Amino acid sequence: MKSIRQLSTLIRLLHSSHYTHVSHSVLARVHTRHIHSTAVLSAPIQKKPANAFARFVKEVYHETSQIEEDAKVTRVMTMIANKWKSMSDEEKERYTLAYEEDKSEWLRNFDNSTEEEKIAYKQAIILKKEKRVQFKEKLKKKSEVDPRENYRKINSMAIFNYERYYTIRREFPALKQQDLFKLMIHEWKNITDEQRKRYQEMAAAMRAKSKETMLLYTFMELYDECYIARPGE
């Protein structure tokens with residue numbers, strides 16, 4: 001039901017007056033992705049149930065994210081983890097009991113599955129672990145790159161997204177992060193050549209500034225250095 005509500009919300013936003021330029025192919029891709037996720041959920045063996053802490057995170061994440069304006073995911077998760085650690089065993093009990101109940105049911109379903117289904121499930125788990133290892137290796141390689149080379153990554157679309165992010169976030173505060181980025185991509189594809197040229201010139205100026213000074217600027221620091229005011233201020 002949750003995935004269906006998310007799909008309905010996204011379609012409604014895409015059809016709103018703010019995003020009338022979105023093509024039907026976009027909606028088709030969203031619908032296809034939704035059908036694929038539904039098919040995965042209906043697989044013979046479901047993934048293991050979320051543990052007690054994961055259930056707690058799901059329940060309090062939105063509320064906690066509102067405590068500090070524009071708080072990053074890492075900051076929100078730190079606050080949630082600290083709150084979880086401060087809770088007594090009695091307060092954690094309902095999450096633990098819910099997990100144990102779902103875990104027992106999952107084990108019963110797993111035992112009743114065929115050998116082919118068990119093998120397929122185990123192979124899927126192995127594949128998931130391999131992808132996680134590949135992702136960590138990719139991050140490690142990125143961390144080994146000289147930060148001063150970051151000027152090469154400054155492009156016009158990144159600047160557009162940086163400027164539009166806060167505006168869209170204010171308009172749709174409950175919009176999920178991934179859907180917000182989808183909307184920014186749709187807007188970028190439909191801006192005029194004159195608008196695109198402006199962002200290309202901004203990107204060129206920021207790259208030149210970063211390369212010239214060779215200082216370890218963050219994107220926001222470099223934007224402020226070149227253009228003074230941040231978007232939304």
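The following legends describe close-up views of a predicted model.

**Figure 1. The largest nonpolar core.** Eleven residues make up the largest nonpolar core of the model, namely Ile154, Ile159, Phe160, Tyr162, Trp188, Ile191, Tyr199, Met202, Ala203, Met206 and Tyr223. Two elements, helix 7 (156–171) and helix 9 (193–213), each give two or more residues to this core. Helix 9 provides the largest share, with four residues. A second core, separate from this one, has nine residues, among them Ala52, Val57, Trp84 and Met87. In soluble globular proteins, nonpolar side chains tend to be buried together.

**Figure 2. Helix 7 and its kink.** Helix 7 contains 16 residues, and the distance from its first C-alpha to its last is 23 Å, close to the 22 Å expected at 1.5 Å a residue. A kink of about 35 degrees is centred on Arg164. At the N-terminal end, Asn155 acts as the cap of helix 7, with a side-chain oxygen placed 3.2 Å from the backbone nitrogen of Met157. The buried residues of helix 7 include Ile159, Phe160 and Tyr162, which also belong to the largest nonpolar core. Polar and charged residues are buried in this helix as well, including Ser156, Asn161, Glu163, Arg164 and Arg169.

**Figure 3. The salt bridge between helix 7 and helix 9.** Glu163 and Arg198 are joined by a salt bridge through their side chains, at 3.5 Å from N to O. Because Glu163 lies in helix 7 and Arg198 in helix 9, the pair ties together parts that are 35 residues apart in sequence. Glu163 counts as buried, at 13% relative accessibility, whereas Arg198 is partly exposed, with a relative accessible area of 39%.

**Figure 4. The kink of helix 3 and the salt bridge to helix 5.** The end C-alpha atoms of helix 3 are 20 Å apart, in agreement with the 20 Å that its 14 residues should span at 1.5 Å a residue. A kink of about 45 degrees in helix 3 is centred on Glu59. Glu59 also forms a salt bridge with Arg94, in which the closest N and O atoms are 2.7 Å apart. Since Arg94 lies in helix 5 and Glu59 in helix 3 (residues 52–65), this pair ties together parts that are 35 residues apart in sequence. Glu59 counts as partly exposed, at 43% relative accessibility. The buried residues of helix 3 are Ala52, Phe56, Val57, Val60, Thr64 and Ser65; of these, Ala52 and Val57 are included in the second nonpolar core.

**Figure 5. The surroundings of Lys92.** Lys92 is located in helix 5 (residues 89–111). This residue is buried but has no salt bridge, and the nearest side chain of opposite charge is that of Asp89, 5.2 Å away. A polar atom of the Lys92 side chain lies 3.3 Å from the backbone oxygen of Trp84. Trp84 is itself a member of the second nonpolar core.

**Figure 6. A salt bridge within helix 8.** The structure holds five salt bridges, one of which joins Lys182 and Asp179, with the closest N and O atoms 3.7 Å apart. The two residues are separated by about one helical turn, because they are three residues apart in helix 8 (residues 177–189). Lys182 counts as partly exposed, at 23% relative accessibility, while Asp179 counts as buried, at 8%.

Note on methods
Residues numbered from 1 in each chain as written. Predicted model: local features only at pLDDT ≥ 70, side-chain atom pairs only at ≥ 80, totals over all residues. Heavy atoms only, no water. Core = buried A, V, L, I, M, F, W, Y, C linked by side-chain atoms within 4.5 Å. Buried < 20%, exposed > 50% of the residue type's maximum accessible area, 1.4 Å probe, protein only. Expected span 1.5 Å × (residues − 1). Bend = angle between axes of the 7 residues up to and from the residue. Polar contact = N/O pair within 3.5 Å; in protein donor to acceptor, adjacent residues only side chain to side chain. Lys, Arg positive; Asp, Glu negative; His and termini not counted. Salt bridge = Lys/Arg side-chain N within 4 Å of Asp/Glu carboxyl O.
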